[in-house]
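The report that follows goes through the fold by its helices, strands, loops and cores, and pauses at a few individual residues on the way.

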Amino acid sequence: MMRALYTAATGMAAQQMNVDTIANNLANVNTTGFKKSRVDFQDLLYQQIRMAGGASSDSTQIPTGISIGLGVRPAATQKMFTPGTPKLTEQPLDVRVDGDGFFQVQLPDGSTGYTRDGAFKLDDQRRVVTSDGYVLDPSITIPENVPYEHISIAPDGTVQARVAGENTATEVGQITLATFVNQAGLTSLGGNLYVTSPASGEATVGNPASEGRGSLVQGMLEMSNVSVIDEMVDLITAQRAYDVNSKSIQTSDEMLGLANSLKR
């Protein structure tokens, strides 16, 4: 059986994953803090028919060999942590990280999750939480008699609140940020959350605006870093690659048909 049938099939499967990844990027074009992914490919093993460097006589060598590749496979789906587009919201609990840091949240199982989504809210206990109700870590509670618009978040993460009718704000908490040696190694959980993996390394935690974590910007959000134009170009490229691989299978089938028709 022709190798081309199986080789082209690996190409179609790889491009299918490429299209799946592009579709997920486009689906999240308006997701706060979303980071697009890219599929990296590797060629598969090669069948060595004639080895380069082998002896062709007592005094000569074969300069180039004959090897036939057996296809392609996806090697990685890498998150691209380039900054997303800033969006002005003027909401007191919308916070954008201007740097590499991640907010920390407490997950239901007690572990720590990390996110770039700074669209925070208050829960029924007036704690600062994510859209899914996960508490910001370290926890910050806004006093009962503080109006929503009297919450102030400084670039260094200091959170202050001013009671209605008073002129002086008091500090009620401190937002910290986490950074990683290899943030591309974080594991995506969905819900705009990541957790550490052996590849990412453990989190280094500290105050914003220090040691490269980035400062905070209140009243703004970091939107997705997906470029629709770039994704559409990648989608067309993937579609064409899928098409030419299917043509390889079709051509191989036609060649087998010709060989089969030699004897009537």
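A residue is called buried when its relative accessible area is under 20%, exposed when it is over 50%, and partly exposed in between. Because glycine 53 has a relative accessibility of 37%, glycine 53 counts as partly exposed. The model discussed here is a predicted one, and the values quoted are computed from it.

Glycine 53 is located in the loop that connects β2 (46-50) with β3 (66-69). When neighbours within four places in sequence are left aside, glycine 53 is in contact with Gln61 and Ile62. Glycine 53 and methionine 12 are 41 residues apart along the chain, and their C-alpha atoms are separated by 34 Å.

**The two helices**

Two packed helices are described by the angle between their axes and the distance between the axes. For helix α1 (residues 3-27) and helix α2 (residues 228-260), the axes come within 9 Å and cross at roughly 160°. An angle over 145 degrees counts as roughly antiparallel, and α1 and α2 are therefore roughly antiparallel to each other. The crossing of these two helices, α1 and α2, is left-handed.

**A three-stranded sheet**

An open sheet is formed by three strands in the order β12-β13-β14, with antiparallel pairing. Its edge strands are β12 and β14, each of which pairs on one side only. From one strand to the next, the twist averages 25°.

The pairing of β12 with β13 is antiparallel and runs over three bridges, while β13 and strand β14 (residues 170-174) pair in the antiparallel sense over four bridges. Between β12 and β13, serine 152 has glutamine 160 in β13 as its bridge partner, and isoleucine 153 stands opposite valine 159 in β13. Valine 159 also has a bridge partner in β14, namely glycine 173. The hairpin of β12 and β13 has four residues between the strands, and in this hairpin glycine 157 takes a positive phi near 90°.

**The nonpolar cores**

The largest nonpolar core has 17 residues, and those with the most contacts inside it are Phe103, Ile175 and Leu216. At least two residues of this core are supplied by each of β6 (95-98), β12 and β13 (158-161). There is also a second, separate core of seven residues, among them Phe81, Phe102, Phe180 and Tyr194.

**Two buried residues**

Is valine 146 buried or exposed? Because its relative accessibility is 4%, valine 146 counts as buried, although the residue lies in a loop, the one between β11 (135-136) and β12 (151-153). Not counting residues up to four places away in sequence, valine 146 touches Arg126, Ile151, Ala161, Arg162 and Val163. Valine 146 is also 20 residues away in sequence from glutamate 166, and the C-alpha to C-alpha separation of this pair is 9.9 Å.

Threonine 179, by comparison, lies in a strand, β15 (residues 177-179). At a relative accessibility of 16%, threonine 179 is likewise counted as buried. Which residues does threonine 179 contact, leaving aside its neighbours within four places in sequence? They are Asp100, Gly101, Glu202, Ala203, Thr204 and Arg213.

**Backbone exceptions in the loops**

Most residues other than glycine have a negative phi, and most peptide bonds are trans. Against that background, the peptide bond from aspartate 137 to proline 138 is cis, with omega near 0°, and proline 138 is found in the loop between β11 and β12. Valine 146, described above, lies in this loop between β11 and β12 as well. Two residues that are not glycine and have a positive phi are set out in the table.

| Residue | Phi | Loop | Relative accessibility |
|---|---|---|---|
| Glutamate 90 | about 60° | between β5 (86-88) and β6 | 64%, exposed |
| Asparagine 192 | about 65° | between β16 (187-190) and β17 (193-195) | 24%, partly exposed |

Glutamate 90 thus has its positive phi in the loop between β5 and β6, where its relative accessible area of 64% places glutamate 90 in the exposed class. Asparagine 192, with a positive phi of about 65°, is counted as partly exposed.

Key
Residues are numbered from 1 along each chain as its sequence is written. This is a predicted model: local features need pLDDT of at least 70, side-chain atom pairs count only at pLDDT 80 or more; totals for chains, interfaces and linings use all residues. Side-chain values use heavy atoms; hydrogens and water are left out. Buried means under 20% relative accessible area, exposed over 50%, partly exposed in between (1.4 Å probe, protein chains only). Contact means heavy atoms within 4.5 Å. A nonpolar core is a set of buried Ala, Val, Leu, Ile, Met, Phe, Trp, Tyr and Cys residues joined through side-chain atoms within 4.5 Å. Two strands pair if DSSP finds at least two bridges between them. Axes are lines fitted to C-alpha atoms, for helices over the stretch in contact, and angles run from 0 to 180 degrees between N-to-C directions. Angles under 35 degrees count as roughly parallel, over 145 as roughly antiparallel, 65 to 115 as roughly perpendicular and the rest as oblique. A crossing is left-handed if the near helix is turned anticlockwise from the far one by less than a right angle, and right-handed if clockwise.
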